[in-house]
Structure formats: structure tokens, C-alpha cells
Amino acid sequence: MHEQRVFVRLYAQARKVNAQAEWLYARAKKVNAQAEWLYARAKKVNAQAE
């Protein structure tokens, strides 16, 4: 019975870590999308300047 309790606790911890990782991944994707937009905009401005 004790082993089962330990497993449940580890499982809950793993789920928590996974949720944080998913949040970080979503945030990184958002930042990446903004960076790509800025890069595309800079290329456009650079092309106009030439």
C-alpha cells in the first residue's frame, strides 16, 4: 500500500512538471512567432531602403 502512495505522489509531481513544460513551450512558440514577424518586417524595411 505504501508503494502505491509513493507512486501517486510521483505521478502528481510528474503531471505538474509536464504542465509547466507545456506552458513554457507555448510561451516559447509565441516569442518565436513574434521574432519571425519582426524579422520579416525588418527584411521588408531593408528591401525598401535599398
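How many helices and strands are there in the protein chain? There are one helix and zero strands, and the views here come from a predicted model.

**View 1. The whole chain, end to end.**
Start by zooming out on the protein chain, whose C-alpha atoms fill a box of roughly 75 × 10 × 5 Å along the principal axes. Now try a little comparison: a compact globule of 50 residues would have a radius of gyration near 10 Å, but this protein chain comes in at 22 Å.

**View 2. Helix 1 and its span.**
Helix 1 takes in residues 2–49. Does the span fit the residue count, and what should we expect? With 48 residues at 1.5 Å a residue, helix 1 should span 70 Å, and its end C-alpha atoms are indeed 70 Å apart, so the two values agree.

**View 3. The surface.**
Look for buried residues and you'll come up empty: 0% of the 50 residues of the protein chain count as buried. Helix 1 tells that story too, since zero of its 48 residues are buried, so it lies largely in the open. The protein chain exposes about 5300 Å², and 59% of that is supplied by carbon and sulfur atoms.

**View 4. The charged side chains.**
Here we pick out the charges on the protein chain: 10 side chains are positive and 4 are negative. Take the centre of each set, and you'll find the two centres 8 Å apart.

**View 5. His 2, at one end of the helix numbering.**
His 2 belongs to helix 1, which runs over residues 2–49. Is His 2 buried or exposed? Its relative accessibility is 55%, and because exposed means over 50%, His 2 counts as exposed. For a feel of distance along the helix, hop 20 residues along the chain from His 2 to Glu 22: their C-alpha atoms are separated by 30 Å.

**View 6. Phe 7 and Tyr 11, an aromatic pair.**
A search of the whole structure turns up one aromatic pair. The partners are Phe 7 and Tyr 11, and their rings are stacked, with 6.4 Å centre to centre and 15° between the planes. Both residues sit in helix 1, four residues apart, which is about one turn of the helix.

**View 7. How open the two rings' residues are.**
Stay with the pair and check each partner. Phe 7 has a relative accessibility of 56%, so it counts as exposed. Tyr 11 has a relative accessible area of 48%, so this residue is partly exposed.

Conventions
Residues are numbered from 1 along each chain as its sequence is written. This is a predicted model: local features need pLDDT of at least 70, side-chain atom pairs count only at pLDDT 80 or more; totals for chains, interfaces and linings use all residues. Side-chain values use heavy atoms; hydrogens and water are left out. Helices (H or I, at least four residues) and strands (E, at least two) are DSSP runs, numbered from the N terminus. Buried means under 20% relative accessible area, exposed over 50%, partly exposed in between (1.4 Å probe, protein chains only). The radius of gyration is taken over C-alpha atoms; the globule rule is 2.2 Å times the number of residues to the power 0.38. Accessible areas come from the Shrake-Rupley method with a 1.4 Å probe; for residues, only the protein chains shown count as cover. Lys and Arg count as positive and Asp and Glu as negative; His and the chain ends are not counted. The place of a charge is taken as NZ of Lys, CZ of Arg, CG of Asp or CD of Glu. The expected span of a helix is 1.5 Å times one less than its number of residues. Rings of Phe, Tyr and Trp (its six-membered ring) pair if their centres lie within 6.5 Å; planes under 30 degrees apart count as stacked, over 60 as edge-to-face and the rest as tilted.
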